[in-house]
There are 2 protein chains.
Amino acid sequence: MSSVPEQLKPIFDQLDKNTDSNIAKLAKAISFKAVSADESLRQECFKKADYIQSLLEELNCTDIQQFDLGEEKPGLPLPPVILARLGTSPTKKTVVVYAHMDVQPASIEDGWDTEPFVLHHDKEKGLLIGRGATDDTGPLLAWLNMIEAHQQLNKELPVNLIFCFETMEESGSIGLENLIKEQSQVSGYFYKTCSKIDAVAISDNYWLGTTTPALTYGLRGCNYYQIKVSGPKADLHSGVFGGCIAEPMVDLVQLLSTLVNSQGEILIPGVKEMVAPVTEEEKNIYKSIKYSIEEFNESSNSNTCLFDNKEDVLMHRWRMPSLSVHGIENAFSGPGAKTVIPATCTGKFSIRTVPHIDSAKLDALVIDHVNKEFAKLNSKNTMVCELIHDGAYWYSDPYNESFTAASKATELVWGQKPDLTREGGSIPITLTFEEQLKSSVVLIPCGRGNDGAHSINEKIDLENYVNGGKLLGSYLYYLAE
Amino acid sequence: MSSVPEQLKPIFDQLDKNTDSNIAKLAKAISFKAVSADESLRQECFKKADYIQSLLEELNCTDIQQFDLGEEKPGLPLPPVILARLGTSPTKKTVVVYAHMDVQPASIEDGWDTEPFVLHHDKEKGLLIGRGATDDTGPLLAWLNMIEAHQQLNKELPVNLIFCFETMEESGSIGLENLIKEQSQVSGYFYKTCSKIDAVAISDNYWLGTTTPALTYGLRGCNYYQIKVSGPKADLHSGVFGGCIAEPMVDLVQLLSTLVNSQGEILIPGVKEMVAPVTEEEKNIYKSIKYSIEEFNESSNSNTCLFDNKEDVLMHRWRMPSLSVHGIENAFSGPGAKTVIPATCTGKFSIRTVPHIDSAKLDALVIDHVNKEFAKLNSKNTMVCELIHDGAYWYSDPYNESFTAASKATELVWGQKPDLTREGGSIPITLTFEEQLKSSVVLIPCGRGNDGAHSINEKIDLENYVNGGKLLGSYLYYLAE
């Protein structure tokens with residue numbers, strides 16, 4: 001970090017100085033059991049939002065609003081989205097910062113080594129351990145730590161910021177998409193003090209591995225389908241009816257067996273043909289990424305990888321579609337030996353989508369295929385195949401202005417070029433921001449691939465927490481240049 | 001019934017006279033909520049056993065014993081099996097009578113028109129409605145009513161009886177098989193006062209329809225299998241791993257799809273070949289049975305019957321094997337759209353067995369087939385297919401001495417020859433009695449096909465309840481001849 005620009009140097013030093021107080025801030029923030037999936041902990045979500053709001057107030061943010069999203073169901077209010085502003089200069093760029101305050105469920109009984117909602121600082125390993133440390137409370141605070149350092153030094157931020165912090169991310173971001181759409185109108189929150197959003201930054205994913213930082217420029221989408229086969233009006237006893245009646249489960253497993261083979265190849269005609277061809281430029285991105293089959297096997301804790309080289313693994317994880325069969329609803333699913341013929345059963349599967357799969361065309365191909373296969377069965381049962389949920393893929397130019405700034409910032413702070421990664425999963429709100437704010441989105445992760453975001457002993461490396469502030473500050477600096 | 005033998009005539013008259021008191025006895029017996037599947041009602045099972053024992057005492061039975069079967073699990077005692085004796089004459093035949101005292105769960109919320117544990121006498125329709133009315137409390141009492149009538153007339157029974165009444169039939173008859181085996185030893189209960197059991201009679205099934213009485217001479221067996229496919233060590237997120245990892249569910253649906261087709265044909269090589277050919281004599285039995293596709297469709301409440309004539313339906317229900325796919329354990333089985341790749345999943349299926357399928361050979365064929373199909377998949381996952389439960393089929397000569405007596409009795413009481421039926425389901429204890437007591441077993445049903453044994457509004461027609469006593473008394477009379 002010999003070449004740290006003059007303007008950033010004191011900020012970096014100040015962040016180093018503030019390490020202890022910033023750890024204390026993280027300890028306080030993760031002490032709220034803000035598990036959005038646990039109704040009994042809903043009040044903790046509200047309390048954590050109030051705490052985060054108090055931090056925004058200390059940083060002199062303006063126009064801080066907690067938006068009421070209504071009820072999740074009767075009697076269960078949704079926790080708020082906080083929008084806040086810092087700076088309204090017409091000569092500066094405006095950046096929207098998204099993060100979430102809620103966390104995944106956690107309890108010591110799950111196998112944690114320490115209490116999940118009490119921050120444990122493992123000084124030997126340099127780890128800050130606790131639920132939310134990396135997903136997403138640590139990165140959220142990294143933004144605030146960075147701003148505090150500026151203010152302690154009486155330095156202005158090089159851009160205007162608009163914060164968008166939600167409390168339902170781990171439970172489907174209920175209400176957020178609508179709120180963004182509303183507030184993206186001409187009279188909405190996002191355009192009250194600026195005419196244009198120049199960038200959106202999200203630190204809610206992770207490096208691919210543990211040694212190389214990353215920037216993420218793509219997410220797969222997900223189209224989720226069900227096949228419902230119906231026969232008799234009620235479950236039947238297989239002793240009495242077996243052999244005489246058309247069994248829905250028999251039809252269903254026949255249909256599910258026509259979707260994908262054991263090598264992961266999608267068997268539905270026309271799907272592969274929609275996938276964007278791999279370019280030479282893309283191949284180079286994959287070649288340069290430090291990754292191995294061994295790392296993949298470690299993360300799955302098995303030797304069931306379908307490929308034998310890292311390029312194939314990463315491409316099939318990030319830029320190729322996949323089809324997973326998740327399970328069956330209404331069939332017998334308990335332990336033991338129940339002799340039931342289920343009257344109705346519903347198979348669930350989903351396809352991860354990538355450029356340039358057209359979502360509506362995919363739905364038509366899937367449903368047409370299943371209908372044809374069902375016709376072949378010549379069954380007396382009835383069958384309906386339908387889409388039950390979809391989320392679009394997202395893909396950005398990894399060499400645009402925002403990514404270039406994030407790349408320079410990464411190299412400055414970590415001393416090495418970031419891996420340009422994509423993710424297999426979807427973060428639907430990414431696309432919402434891009435579409436509604438007509439702005440580029442950058443995914444700029446703070447934490448490492450082994451942070452255990454949804455697992456036990458979630459952690460963020462102290463180095464990543466401190467460098468997170470430096471990284472995000474540098475990103476704004478280069479973006480403003 | 002003009003030809004009622006002199007000895008039986010007064011018995012029949014006495015049973016008619018006792019109708020009101022016998023209804024009252026049924027009302028008392030079904031007032032116990034003896035649901036063996038409901039742990040919280042275990043004491044009701046004990047109370048009902050005590051009540052039935054009191055009835056046996058009133059009939060001067062001897063050597064009445066409640067056998068303690070130990071615990072179902074720690075702290076939950078199994079309800080007893082009652083063995084009792086009536087008559088020890090060395091010149092008379094000895095008949096073992098089996099029935100069960102426990103019942104299926106029932107509550108008004110399930111949709112009953114009247115309280116299930118309060119007997120409702122629908123005088124207009126001539127029905128006795130209540131849980132246990134036909135399964136199996138009513139038939140159990142029919143035996144006792146018949147004996148009471150004899151004693152009121154100071155008439156001796158033409159045979160010796162040994163009662164075997166259990167209280168766990170609806171929950172797998174836990175402990176009964178062992179007890180029968182123990183008590184069938186030379187020093188056991190069954191041989192204490194006789195050297196030979198001449199017949200076993202069970203009234204725990206039903207006519208095929210509603211107009212023709214039946215005798216049942218066969219039951220299918222059931223071999224229950226599971227296929228467990230294992231891959232990663234824990235469930236994975238399909239966004240992150242989909243397309244790169246061998247998915248156990250994908251393999252499992254492929255395997256399940258190779259077992260049976262939508263027309264109910266078993267696809268496992270070698271199974272069909274073991275089935276006994278249909279004889280001409282058998283064909284005649286099927287032809288003479290009053291039954292229709294419409295009746296079958298009514299019972300399944302759908303039009304999903306695989307056949308278009310009664311002979312095919314009945315043969316596939318009774319004397320042909322069938323394969324049912326019941327469900328999958330450990331895959332996603334809830335509502336909604338969960339994007340999980342299950343780490344392990346276990347498919348459950350069973351084959352109903354018939355003469356002359358060799359159970360061990362069937363297991364070998366099934367497991368060999370699944371292993372071969374799995375090898376074809378060339379999967380990185382591991383797979384184990386295994387038998388988890390089996391119960392043998394039972395098949396009797398419907399023209400032997402005991403069946404002939406039962407047939408004469410049926411014709412006497414109901415004025416028509418019984419249908420000779422089989423059942424698709426298994427009653428494993430039937431085979432245990434036959435093997436352990438080296439005696440023929442007759443299934444001699446009292447109730448009709450629409451009694452709703454395991455359903456709501458269970459009933460026995462008053463006519464069947466009263467005639468049940470006459471039928472069983474006549475059976476003993478003709479058997480003794």
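Modeller: A salt bridge is a side-chain nitrogen of Lys or Arg within 4 Å of a carboxyl oxygen of Asp or Glu. The model before us is a predicted one, and a search of the whole structure finds 48 salt bridges over all chains.

Colleague: How many salt bridges are counted between chain A and chain B?

Modeller: The count between these two chains is zero. The rule does, however, find 45 residue pairs in polar contact across the interface of chain A and chain B. Strand β13 (residues 322-329) of chain A gives the largest share of the side of chain A that touches chain B, namely eight residues.

Colleague: How should one express the size of such an interface, and what is the area here?

Modeller: The size of an interface is often given as the accessible area lost when the parts come together. Between chain A and chain B about 5,700 Å² is buried, and carbon and sulfur atoms give 55% of that area. In terms of residues, 74 of chain A are in contact with 74 of chain B.

Colleague: Which parts of chain A does the salt bridge between R131(A) and E458(A) link?

Modeller: The side chains of R131(A) and E458(A) meet at 2.6 Å, N to O. R131(A) is in the loop between β7 (127-129) and α4 (137-152), while E458(A) is in the loop between β19 and β20; the two are 327 residues apart. Both residues are buried. R131(A) is also touched by S455(A), a residue in the loop between β19 (441-443) and β20 (459-461) of chain A.

Colleague: How does one read a salt bridge inside a helix?

Modeller: An α-helix has 3.6 residues a turn, so residues three or four places apart point the same way. In this structure, E177(A) and K181(A) both lie in helix α5 (residues 176-183) of chain A, four residues apart. Their closest N and O atoms are 3.1 Å apart. E177(A) is partly exposed, with a relative accessible area of 37%, and K181(A) is partly exposed at 33%.

Colleague: Is D251(B), in helix α7 (residues 248-256) of chain B, buried or exposed, and which side chain of opposite charge is nearest?

Modeller: D251(B) is buried and has no salt bridge; the nearest side chain of opposite charge is K380(B), 11 Å away. Leaving aside neighbours within four places in sequence, the contacts of D251(B) include S262(A), V229(B) and F374(B).

Colleague: What span does helix α3 of chain A reach?

Modeller: Helix α3 (residues 42-58) of chain A has 17 residues and reaches 25 Å from its first C-alpha to its last, close to the 24 Å expected. Among its buried residues are C45(A), I52(A) and L56(A).

Note on methods. Residues numbered from 1 in each chain as written. Chains lettered and ligands numbered in written order. Predicted model: local features only at pLDDT ≥ 70, side-chain atom pairs only at ≥ 80, totals over all residues. Heavy atoms only, no water. Expected span 1.5 Å × (residues − 1). Buried < 20%, exposed > 50% of the residue type's maximum accessible area, 1.4 Å probe, protein only. Lys, Arg positive; Asp, Glu negative; His and termini not counted. Contact = heavy atoms within 4.5 Å. Buried area = accessible area lost by both parts, 1.4 Å probe. Polar contact = N/O pair within 3.5 Å; in protein donor to acceptor, adjacent residues only side chain to side chain.
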